[in-house]
Structure formats: structure tokens, C-alpha cells
Amino acid sequence: MDLFTIIFYAFALLALGAGSVVVFSKNIVHAAFALLFAFFAVAGLYVLLMADFLAITQLLIYVGGILVLVIFGVMLTNTVISVDVKTGTVQSMPAVLLSAALAGMLVGMFWSTDWKVTTQQTLPEATGNELGTMLLTSYVLPFEIASVVLLVALVGAAMIARREKKA
Amino acid sequence: MQEFLNWLKTPGLTHFLIVSGILFSLGVFAVLTRRNAIMVLMGIELILNAANINFIAFSRYSTGTLDGQVIAIFVIILAAAEAAIALAIVLNIYQNFNTVNVDEFNRLRD
């Protein structure tokens, strides 16, 4: 048992445990806070996979941005004191069967496939520099399109969420 | 059995893929069963995270280049845009219909 193994299992169990709380909790506020731990654990897995820049990005955008948005949504659409019954689940049995079958199929496929794995470590120690170069050379078109998509999304979100004046 | 224990002790590509597969199934379960629109959004975020783990795991263990990480950055960008738009739509629906139950949205206008 080296350190890598211990940290991997810690983050993997945290991600799956928090993910289960998100999915199975009846209280939507508990689910939102469990989502925080799930995102944090996934960022830890990114660090183990030599993706330092992406781990920080995950913390900044998911934990700092998307999660705050989600909690805003929870606060604005639910009366927090009384837990809304509509956060409960429907069609549990077929969904359990379908999800379990999906999980079994995916895990079986991942387990049985003979993946092409490189033995030596080829990624750089710090990925930020090289990622920036790639974004502005070979991936410059998707990069520009993504910037336009973000602009349109911001303008659209502001438009949609604005309270209309009752004339 | 001994072989399986040894496999457990050395995390590699398959371990990360299995974690992401289970996380993906959890997200699909949330999307299928939850009737609160915000809970459905949380399930979608779990699914996107599971996909990102796959991209980065293959980038580390299989291709050995950073292309997978660049794709993961684009996934995060689109997830941010998706969350902003979706929550704006949910808030607007809540103002108009006073509910966030996805089964009750059956009209596009008042």
C-alpha cells in the first residue's frame, strides 16, 4: 500500500459516497452540500491523474461557480424550512434496475477490455503552460467558439431570468 | 483471489474508469427518478464529472498527451454555460407556474 493507493481510495470513496448522498437524499439542501464534496473528491482524482490545472479549474468553476448557482436555485425555488415532498423520487424500481444494469454493463466493459496503456509517464509536471499553448494553437477554433457560447449563455441567462414588468 | 487483491493494490486506468462508470450511473439514476428540476440538474453535473474523469484518465494512462485535458476544459466550460441557462429557465418557470416539478411543465406559455 503506497501513498498513491491510499489517496486514490480515499478520494474514490468520497466521490462515490457523496454522489450517493446527492442521489438518495430526500432533503435537497443536503443533496446540494453533498454535491460539494463530490466535486471536491473529483478534483482530488484529477490531481492523481497529473491534471493540476484542471483540478484547480474544477474547484474554481464547479465548487465556486456552479454549486453557488445550484444553491441559489434551491433557495429561490423551495421553502427551506419545510422540506418539499416533491423532491422525493418516482418510478424508483424501474430506475434502480436500469441504473444498476447500466453500472454493471459499464464496469464489466471497463474490466474486461484490454486497454492500450503506456507504462512510462509522459505528461509534464505542470500542465498549465502546455495547455495554454495547445488552446491557442491546435484548439484555437473550439476555444473561440466556446468564448462566443459563454457570451451568448450569459446574455441569454440574464434575459430569461429577468423579472418581467407586469404592465 | 490473490490476483484480485494485487489488482486492488495498484490503481491504474481501470480503477479510474470504474469509479467514473459508477458515478455516471448515479447521475443517470438521479435524472430518471427526481422530479425536482434542480435535482435533475445535479444529476447532469454528476454525469459530466464522470465523463471528465474518463477523458483525463485516458489522457494520463493511454495516449500520454494533453488532448484529453483540453477536451475536459471544454466540457467544464459548457457545463458552466448549461448550469447558468438551466437555472435561469427554472427560476422563470417557478415565477410563472409556482412549481419546480418537471412533470407539471406541460405548457410553454401562460
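**Figure 1. Chain A is built from helices, in the order α-α-α-α-α-α from the N terminus on.** This is a predicted model. The secondary structure of chain A amounts to six helices and zero strands. Chain A has 167 residues, and 25% of them are buried. Consider the contacts in chain A between residues at least 6 apart in sequence. Of these, 55% link residues at least 24 apart.

**Figure 2. Helix H6 of chain A covers residues 140-161.** The helix has 22 residues. From its first C-alpha to its last, H6(A) reaches 31 Å. That is close to the 32 Å expected at 1.5 Å a residue. Of the 22 residues of H6(A), just one counts as buried, so this helix lies largely in the open. A residue is called buried here if 20 or more other C-beta atoms lie within 10 Å of its own.

**Figure 3. Chain B also consists of helices, running α-α-α-α from the N terminus on.** The count for chain B is four helices and zero strands. Its radius of gyration is 19 Å, and the globule rule gives 13 Å for 110 residues. The value for chain B is well over that figure, so the chain is more spread out than a compact globule. The C-alpha trace of chain B spans about 60 × 35 × 15 Å along its principal axes.

**Figure 4. Burial and sequence separation inside chain B.** Of the 110 residues in chain B, 52% are buried. Contacts between residues at least 6 apart in sequence are the ones counted in this view. In chain B, 45% of them join residues at least 24 apart.

**Figure 5. Chain A and chain B meet in a contact that draws on 72 residues from chain A and 62 residues from chain B.** On the chain B side, three helices each give two or more residues. They are helix H2 (13-33), helix H3 (37-63) and helix H4 (67-97) of chain B. The largest share comes from H4(B), with 21 residues on the side that touches chain A.

**Figure 6. Residue classes on the side of chain B that touches chain A.** Nonpolar residues number 43 on this side. Polar residues number 14. Charged residues number five. The side belongs to a contact that takes 62 residues from chain B, and H4(B) supplies 21 residues to it.

Definitions and conventions
Residues numbered from 1 in each chain as written. Chains lettered and ligands numbered in written order. Predicted model: local features only at pLDDT ≥ 70, side-chain atom pairs only at ≥ 80, totals over all residues. Contact = placed C-beta atoms within 7 Å. Nonpolar A, V, L, I, M, F, W, Y, C, P; charged D, E, K, R; others polar. Rg over C-alpha atoms; globule rule 2.2 N^0.38 Å. Buried ≥ 20, exposed ≤ 12 C-beta atoms within 10 Å, placed from the backbone. Expected span 1.5 Å × (residues − 1).
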